[in-house]
Amino acid sequence: MNALALVARREISTRIRTKAFIVSLLVTILLVAAAAFAPKFLDRPDKYTVGTVNAQRLPLEAAAPDIEFAWKAFPDEGTARKALLDGDLDAVLVGDARVLTDGEIEQELGVLLQSTNREVKLGASGVRIEPLRMESVGADTRYQAARTGIAVVLVLVLFMLLIGQATMVAMGVVEEKGSRIVEILLTSIRPWQLLGGKIVGLGALGLVNLVAILAVGVVASVGSGLATDFPPGMPGIVAGVVVWFVLGYAFFATLAAALASLVSRQEEVGNVMSPLTMLIMITYFVAFYATAEPTGTLATVMSMIPPFSSMVMPVRMAAAQVPVWEVGLAFALMAAAVVAVLSLGAKVYERAVLRTGARVRLGDVLRAK
Amino acid sequence: MLEISELRKRFAGGPGAPEGKLALDGIGFTVRPGEMFGFVGANGAGKTTTMRIVMGVLQADSGSVSWQGRPLTYEDRRRFGYMPEERGLYQKMRVAEQIEYFGRLHGLSGSRAAQATSALIERLGLGERRGDAVESLSLGNQQRVQLAVALVHDPEVLILDEPFSGLDPLAVDTLATALQERCRGGVPVIFSSHQLDLVERLCDSVGIVSSGRMVASGTVAGLRAAEGGMLRVVVREPAPGWADGLPGELTAEDGRQVLLVDATGDGQEILRRAMKAGHVEHFGVEQPTLTEIFKEAVA
């Protein structure tokens with residue numbers, strides 16, 4: 001096994017055993033599952049209980065198939081009124097002319113009752129009315145809510161994973177530098193093998209996290225029935241997220257390693273990483289904004305520019321239809337940026353990681369031959 | 001043979017000291033296969049800097065390090081064993097796992113690394129701690145692990161910076177024996193230490209470094225010979241004035257007189273006069289200790 005693979009394997013095997021890793025994975029999985037089931041409980045389909053006193057049921061189910069109706073027949077108006085006041089009923093149909101409510105009626109239910117009543121009466125007198133045909137001239141917006149929901153969850157997941165894994169890379173680099181393990185390591189392997197192994201190993205863990213989250217999300221959505229609202233092309237969206245995560249992670253983790261190699265103590269990591277943290281935060285904010293305005297100018301432009309594209313593009317892809325050429329261009333630019341950052345980051349790391357003691361200045365490292 | 005020659009290194013200065021600090025000023029020495037080389041010198045004399053340059057952790061401004069007659073390469077260094085001054089281990093990793101990991105990084109196969117790790121763990125008396133995280137070990141045991149990390153790949157050369165510092169005598173013995181075994185197997189061993197008695201006991205040759213220069217080097221016996229011993233004569237109740245005209249320093253203590261004189265002079269004449277003057281209790285050349293040689297050399 002080559003040195004890079006050995007380093008990566010150590011990163012994976014030592015972290016995967018830690019309580020922190022297992023707990024955080026379980027918590028995320030639970031959160032994602034909860035998010036998939038939440039709409040079922042919070043946003044459950046409207047349900048009305050309608051009482052009847054000497055009245056025929058109106059064909060409400062046929063008029064509004066998405067809404068659930070329960071019917072209760074009452075022998076007299078008095079018991080119906082009581083049930084209404086107890087909150088057991090939303091409305092009571094009395095005879096075929098009156099509706100009793102407790103306060104104002106739910107607007108939706110009121111409109112439904114009025115229109116079905118009218119339809120039934122007209123039907124009885126032989127009048128048939130063709131229902132209006134609906135036609136959209138704009139984009140297909142059937143899945144808009146689901147798309148936005150998916151995009152919001154994605155932004156959060158990507159942000160957490162990117163910042164989490166990048167921080168871990170930084171901590172790992174400083175652990176090795178501060179304890180001088182790096183001196184022994186670099187007499188047996190090359191700096192790029194050590195850096196590469198660390199980035200690959202921690203990236204693989206991030207990917208495990210991401211795939212677990214996506215899998216749980218999809219399975220839980222199917223289980224909760226949320227998946228029926230998913231737009232077509234979900235596999236593509238999921239695959240896209242994985243690819244964009246890999247690109248974004250490679251970019252941010254390499255920068256994190258390069259910055260961390262400038263300092264020797266864990267306490268200094270936060271400080272030296274702050275420009276990078278800021279960059280990830282900005283990316284996150286833009287991506288979050290893009291969930292609401294996926295076709296806006298800001299989202300469109302930022303989804304092309306690395307490294308913002310790593311989060312904004314997958315969000316746009318989830319939230320709206322994105323022309324293929326835009327995705328291709330964004331991908332090419334981001335891939336180029338990753339290559340550039342890798343070569344620059346490796347250089348900084350190689351030059352700084354053995355210079356222990358005081359914080360090394362980035363300028364010095366870049367200027368040194 | 002490991003040859004270090006004419007190493008120079010100046011560390012960049014800060015705002016306070018614009019010309020920096022000259023750490024190495026042309027230091028050089030040679031270590032032969034199977035030789036244990038003790039590297040001694042005051043703090044800041046340049047021992048660590050030299051070792052770091054040999055291991056490629058630091059670049060020299062000038063000078064060279066060669067191994068088997070060729071300039072030392074990265075590939076050569078991979079077959080060296082190194083113990084840096086500041087101990088470096090993964091605190092959360094388990095003992096056996098850690099030793100094995102470094103073995104594999106040095107290019108051992110999985111099974112060979114496991115084998116070498118088990119052997120070293122036994123050899124260094126870490127058997128009961130093999131599954132423990134390094135951070136839970138005592139300093140002495142951590143040092144044993146550190147040495148195991150330096151030894152696991154059967155290195156061709158050993159470079160150890162202060163391997164014995166902070167160890168109890170038993171741990172010193174375990175480590176020393178392990179090093180001597182390697183040394184007998186033909187491995188050149190360089191180690192630095194402030195424990196001069198230990199260096200004197202273990203090393204075939206010694207290098208004394210001061211201000212980045214090698215001020216004395218050679219076998220311990222050779223250094224002593226060069227320094228020259230002192231002839232010490234103790235005479236009980238001698239006739240007064242017996243030592244008049246003799247070189248050296250005469251002191252008296254409860255009825256005895258002690259004459260300390262450079263051993264290069266004529267000892268026989270002194271012995272004759274002493275015997276004539278009184279009862280000679282002691283007559284012998286005393287070799288300087290390494291500590292004395294060291295103090296003399298860096299003075």
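Trainee: How many residues of chain A are in contact with chain B, and how many of chain B with chain A?
Mentor: In this predicted model, 15 residues of chain A are in contact with 20 residues of chain B.

Trainee: Which elements of chain A give two or more residues to that side?
Mentor: They are α1 (3–16) and α7 (181–188) of chain A. The largest share comes from α7(A), with 7 residues.

Trainee: What is the make-up of that side by class?
Mentor: The side of chain A that touches chain B has 8 nonpolar, 4 polar and 3 charged residues.

Trainee: Moving to the loop just before α7, where does A:Arg180 lie?
Mentor: A:Arg180 lies in the loop between α6 and α7 of chain A. Its phi is positive, about 65°, although the residue is not a glycine.

Trainee: Is A:Arg180 buried or exposed?
Mentor: A:Arg180 is partly exposed, because 19 other C-beta atoms lie within 10 Å and the cut-off for a buried residue is 20 or more.

Trainee: Which residue of chain B has a positive phi although it is not a glycine?
Mentor: B:Glu162 does, with a phi of about 50°. B:Glu162 is found in the loop between β7 (157–161) and α6 (169–184) of chain B. B:Glu162 counts as buried, because it has 21 C-beta neighbours inside 10 Å.

Trainee: Now the membrane annotation. What does UniProt list for chain A?
Mentor: The unreviewed UniProt entry lists "transmembrane region" for residues 20–38, 150–174, 195–217, 237–260, 272–290 and 327–346 of chain A.

Trainee: What is the chain like over residues 20–38 and 327–346?
Mentor: Residues 20–38 of chain A are 100% helix and 0% strand, with the end C-alpha atoms 26 Å apart. Residues 327–346 are likewise 100% helix and 0% strand, and there the end C-alpha atoms are 28 Å apart.

Trainee: How does the span of helix α10 of chain A agree with 1.5 Å a residue?
Mentor: Helix α10 (residues 269–292) has 24 residues and should therefore span 34 Å; its end C-alpha atoms are 34 Å apart, which agrees.

Trainee: Where does α10(A) bend?
Mentor: The bend is at A:Pro275 and amounts to about 45°.

Trainee: Which residues of α10(A) are buried, and what covers them?
Mentor: The buried residues include A:Val272, A:Met273, A:Leu276, A:Ile280 and A:Tyr284. What covers the buried residues of α10(A) includes α6 (144–178), α9 (234–260), α11 (297–302) and α12 (309–319) of chain A.

Trainee: What about A:Glu268, in the loop between α9 and α10? Which residues is it in contact with?
Mentor: Leaving aside neighbours within four places in sequence, A:Glu268 is in contact with A:Val263 and A:Arg359. A:Glu268 counts as partly exposed, because it has 16 C-beta neighbours inside 10 Å. The C-alpha atoms of A:Glu268 and A:Val174 are separated by 9.1 Å, although these residues are 94 residues apart along the chain.

Trainee: Where is the cis peptide bond in chain A?
Mentor: A cis peptide bond joins A:Pro306 and A:Pro307, with omega about 0°. A:Pro307 is in the loop between α11 and α12 of chain A.

Trainee: Last topic: how many helices and strands are there in chain B?
Mentor: Chain B has 10 helices and 14 strands. Its radius of gyration is 24 Å, well over the 19 Å that the globule rule gives for 299 residues, so chain B is more spread out than a compact globule.

Trainee: What does the C-alpha trace of chain B span along its principal axes?
Mentor: The trace spans about 80 × 50 × 40 Å. Buried residues make up 40% of the 299 residues in chain B.

Terms used: Residues numbered from 1 in each chain as written. Chains lettered and ligands numbered in written order. Predicted model: local features only at pLDDT ≥ 70, side-chain atom pairs only at ≥ 80, totals over all residues. UniProt positions renumbered as here; feature names shortened; annotations may be inferred. Helix = DSSP H or I, 4+ residues; strand = E, 2+ residues; numbered from the N terminus. Expected span 1.5 Å × (residues − 1). Bend = angle between axes of the 7 residues up to and from the residue. Buried ≥ 20, exposed ≤ 12 C-beta atoms within 10 Å, placed from the backbone. Contact = placed C-beta atoms within 7 Å. Nonpolar A, V, L, I, M, F, W, Y, C, P; charged D, E, K, R; others polar. Rg over C-alpha atoms; globule rule 2.2 N^0.38 Å.
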